[in-house]
Structure formats: C-alpha cells, structure tokens
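Let's take a walk through this fold together, starting with a piece of sheet and then working out to the whole chain and back in again. Keep the viewer open as you read.

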Amino acid sequence: MAKLFLGLDSSTQSLSAVVVDLDTHKVVYEKSLNFDQALPEFKTRNGVLPNRDPLVKHSTPRLWAAALDRLFAQMKTDGVALGKILAVGGSGQQHGSVYLNEKAEAAFAALDPRRSLNENLDGVFARKTSPIWMDSSTAKECAEIRKKLGGVKFTVSRTGSDTFERFTGPQIRKFCKTEPRAYDQTAHIALVSSYMASLLAGRIAPIDFGDGAGMNLMDIRRKNWNHDALKATAPGLTKKLPPLADAGHAIGPVSPYFAQKYGLNAEALATVWTGDNPASVLGLGLIKPGQAAVSLGTSDTFFGTMDKCQTDESGQGHVFGSPAGGYMTLICFKNGSLAREKIREMYKISDWKKFGELVSQRPAGNNGAILLPWFEPEIVPRVNRPGIHRFDLDANDAAANCRAILEAQMLSMRLHSQWMQVAPEKIFATGGASQDKALLRVMADVLNCPVLRIEVSKSAALGAALAAAHGWMVNEGQTVKWDKLVAGFTTPVPGSEIRPDKKAAKVYEKMLAKYADCEYDAMDSLK
Ligand code: XUL
C-alpha cells in the first residue's frame, strides 16, 4: 500500500506541494501556484504588497490562506490521492509574522467547509498585513534590542544571530511601538509556517526550533523562549507566543475543513511546520555535518549542517535548529535572483541562455571588474541604502556586467561564509536559478569546490513532506533514522557536476581581497 505524505511550502512568491510515497521512496506529485498570477486580486508583486517606503515589505496572511484553498482544489482536480495522505507537513518563508486576535482560536477550530478559508477568517486578524523577510525597516528596533541584550556577541550567543531587520523580534517591537492598540489586541503571534500549520490543524500550532531561531527570541542552545530576549522586545510577549516543538511533531488530525471539502484523509496528521531553509536541509539530504548547499531563489542562501552550535561572533551568519536535530548554519543574501533578473532586464537580454553566452565571453575575474548589486537593501553585508556600485567596470558593457554580477554574488558568498569553518567537499545547488550553467560554473570556480545540481527544485516542500513522514512514524511508535528516510530523494542530476577550474580558482583566490575592499569602500560611501 502506498504511504503518502504531503509537504507544502509557502514561500515568498508561491505555494508549492510535493507528495512523496515512502513505499517506493519517490516523489509522486509536484505543483506550484504563483501568487501574483493565480491570485491577482491581492495585488502583490513578486508576492509583496506595494509600499511607498522601499524598506517596508509586507504581504498578507489572507493571500496565503487563499492560496491554500486554491492549491487543495488543484490537487483534487489533478486526482491526487488526498484520501490516502497519512500526514501533512510544511515550510514557510522565514521570519514573516501573522498577528491574530482572541477570536482566532475558535475560528480555526470551527472552519466551515461551505465557506472559503478567508470567509472563515473574517475578524481574526489583529493586523491586516504581515511583515516578511524582505523588510528592512527595523534598524532602530534591532539596535534597541541588541543594546538591551548586551551587544552583538551576547545577542548572537543567546539567540543564534545578531538582531536583523527581517527577524521577527525586531518586527514585533516595531509593531508594538507604532500600533500599540493593535499589539494589545494581538492574542497570538504566528510565523508564516505556524500560521499555515494552524489552518491545517484547526488550532494554534507550535513554532519549530528551525523557524523559531529566526526570531531573535529563542535560546539557541536550550531551545526554549529566552526571557531576556522577550523582555527586550515587547511587553506581554510570553503569552502571545505558542510553544516550541520539533518540525514534523504531530499536532493532531487535520481540520475537518480539508477532509470534507477536498477529500483529505480525515485521520491524516497535521504536523508542525518549519522554515523553508531548514526544510531544504532535509529535502537536500544534508544530514551529515559539513554538507553544504546553495539555494538560488528570490534570495540566495548558503547553508549547511553542524552538530555543535557554533555561532558567528561577527554577527553576519545565523544558526538555526535543524529539523533533523542538531543545528544548521545559514547566510542569506537578499539580492539573489531578482538582482540577476534586474541586470538581465537592464541590458535587454532575452533569456538566460543568452545571458550565459555573454558571461562566457569574458574571462574568469572579468579583468578585475566588480559590481555590487544591491538593488534592494542587502542583508549580508548589511546595507540599508540600495544602489549598485561598479568598480573598474564599464556600465555600457553588457557581457562584463553579466559576468560581474555572478562573480560578485559568489565572492560575497565565499567571503561571508568563512566563519562557518566548513570546507565542504561538494556543494549542492538548488532553486530556480540552479538550472543556469554559467552561474554554477562561476560558483564552482569562486568557491573552489565541485557543484552538483539537485533534481528536485522544490526542496523545501520535499523536506516538509519528509518531516511529516518522520513525525508520523514517531507518532506510530516507530524508530526512524533520518539518513535512511531522506536517502534517494536527492539524486544529483546525472552529469551535472561542475568541477572547479584550477586556473580560474586561483584568479578568484586573489580577487577576494579586492572584492572585500570594494565592499568596504561602497559601504563607507553610504555612511
Ligand atoms: C532566511 C531568509 C530567506 C527566506 C526566504 O533567513 O530570510 O531565505 O526564508 O523565504
């Protein structure tokens, strides 16, 4: 009999579903729903609501609920065996928060299948919009919390990261300061992940140790809420936060809403969701310490597994709980795919193939040309004023600019990942842009490490399905080994391995110092 598990990933721009069959150890269904295209009535652009302030990036929890209805309807139409799903898990874009009032709990428990999810959610939000990970409007709150916690070093060693603008704690503080009445009316604060899990479970869901670590509120070593951090952030926070739990932990049977409306197995387990990056760790099979991956999505992230909790005292990188136990490291570069697209648009390049051809017209190192592509305020390095900076680079030379953006992104990755002290033997590349050979070639040469492309582009949804499977087995009293569970799902694309070119790697070794100087100068000029 098929053993089916559903994983959902509520990311910045889309909601995706992956169904795995653990009997055959195969992905049997994949689907994505793009928010802007499928739900234009919410008026988002790339999943974000327009705002006059370039630092403010919000979306809406109603969009995510509508997408959940739409995707379940699609799965039903596509003939997915929803009646046989044993457990549902999920992941969400990290850090984004949802503010619910005291009516939410009852509304979640009584979701009426004759109405849409959104109709059911009327009157439950204490705040209409949700700040998401792209928001960088909380520099002041970051400084205030950091100061109260005793500086960067203490903040990092307690919460796993320095305070960051997108992290949920500083966002909560800003909300509390600017909208105190709405904050008072907030009975529950959820992350995107725990909000979506709450809809599925029909009750307020816990936050997991992976996504919880992206809030500047969780004690990274003890894996519980850190009272100093809660106090430094906002009053009354202890009561507003749900408990913490492992990703995949069983919450209870799914809400009858999904069973009655879409034919989901009424006994399927709703499980605790995690963040998209922690879920990708499972989806990519990064169970052993020292394994690393680069996810090339809206943001580019570089992450890997660690057994011990080793934090970055310089405050640029993060440590999160890994859904497979232990820890994971992560560095997030905001100007990922969207920045590459901006350059492509700027030079009117028709497609990525042409872009790649232009990249190969220029030598490794681009004759010393450097471009810092901070179209959006950047997270690493921390840049609050957007802008692009060129050094020894002619703005009119399309090929040089195409090569320059890829090299800069990879040099930045190399420079800012040194604290992890992992010298990976191989890097797995995933996400939309991992199809791009020119980009992977530059990655292999700059990071001086073989790069392999992973077959499943929806690694977060896959990881979420595997976490749900793990939670279901634990709930059944079975012992499960993570390495056995994830094995076989993450086969690198045959022939996709790109080995570093020795000569090019030497060029980049030297270029790193120049890149670091340019970064320093550009940041200095913004002060
Ligand atoms: C990670 C981060 C992003 C989002 C994207 O810290 O902010 O990677 O998780 O969805």
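In which sense do S22 and strand S23 pair, and over how many bridges? This is a predicted model, and in it the two strands run parallel, with three bridges between S22 and S23 (residues 451–453). To find the register, look at Ile 427, whose bridge partner in S23 is Val 451. Between the two strands the chain passes through helix H18 (residues 437–447), making a right-handed β-α-β crossover.

S22 has another partner as well: strand S16 (residues 292–296) pairs with S22 in the parallel sense, over four bridges. There, Ala 293 sits opposite Phe 428 of S22. What about the two faces of S22? In a regular strand, side chains alternate between the two faces of the sheet. In S22 (residues 427–430), Ile 427 and Ala 429 are on one side, Phe 428 and Thr 430 are on the other, and all of them are buried. Both faces of this strand are covered, then.

Now move to strand S18 (residues 318–321), where His 318 and Phe 320 point one way, Val 319 and Gly 321 point the other way, and all are buried. The pairing is antiparallel here: S18 and strand S19 (residues 327–333) are joined over four bridges. His 318 stands opposite Leu 330 of S19. Five residues lie between the strands of this hairpin, and Gly 325 takes a positive phi near 90°.

Follow the chain on to helix H15 (residues 337–346), where Ser 337, Leu 338, Ala 339, Arg 340 and Ile 343 are buried. What covers the buried residues of H15? The cover includes S16, strand S17 (300–306), helix H16 (352–360), strand S20 (370–374), H17 and H18. So two elements from the opening stop, S16 and H18, turn up again as part of that cover. After H15 comes Lys 348, which has a positive phi near 50°.

Time to zoom out. The protein chain has 21 helices and 23 strands, and its C-alpha trace spans about 65 × 50 × 45 Å along the principal axes. How does the radius of gyration compare with that of a compact globule? For 527 residues, a compact globule would come out near 24 Å, and the chain has 22 Å, so the two agree. Of the 527 residues, 63% are buried. Among contacts with a separation of 6 or more, 74% are between residues 24 or more positions apart. The accessible surface comes to about 20400 Å², and carbon and sulfur atoms account for 50% of that.

What sits inside? In soluble globular proteins, nonpolar side chains tend to be buried together. Here the largest nonpolar core has 160 residues, and those with the most contacts inside it are Leu 8, Leu 68, Phe 72, Met 75 and Tyr 195. Helix H17 (residues 398–416) gives the most to this core, with ten residues. Take Phe 72 as a way in: leaving out residues up to four places away in sequence, Phe 72 touches Leu 6, Leu 8, Leu 82, Leu 200, Phe 258, Tyr 262 and Leu 264. Another core, of 23 residues, lies apart from the largest one and includes Val 18, Leu 269, Ala 465 and Leu 466.

Three single residues round off the tour. Ala 17, in strand S2 (residues 14–21), has a relative accessible area of 0% and is therefore buried. Beyond its neighbours within four places in sequence, its contacts include Leu 6, Leu 8, Tyr 29, Leu 71, Met 75 and Ala 461.

Leu 485, in helix H20 (residues 482–486), is buried too, at a relative accessible area of 4%. Not counting residues up to four places away, Leu 485 touches Leu 22, His 25, Leu 466, Ala 469, His 470, Met 473 and Val 480.

Is Arg 62 buried or partly exposed? Arg 62 belongs to helix H2 (residues 61–77), and with a relative accessible area of 23% it counts as partly exposed, because buried means under 20%. Again setting aside residues up to four places away, Arg 62 touches Phe 42, Asn 118, Leu 121, Asp 122, Gly 123, Phe 125 and Tyr 195.

Conventions:
Residues numbered from 1 in each chain as written. Predicted model: local features only at pLDDT ≥ 70, side-chain atom pairs only at ≥ 80, totals over all residues. Heavy atoms only, no water. Buried < 20%, exposed > 50% of the residue type's maximum accessible area, 1.4 Å probe, protein only. Pairing = 2+ DSSP bridges. Right-handed = clockwise from strand over helix to strand, strands pointing away. Rg over C-alpha atoms; globule rule 2.2 N^0.38 Å. Contact = heavy atoms within 4.5 Å. Areas by Shrake-Rupley, 256 points an atom, 1.4 Å probe, with all protein chains shown as cover. Core = buried A, V, L, I, M, F, W, Y, C linked by side-chain atoms within 4.5 Å.
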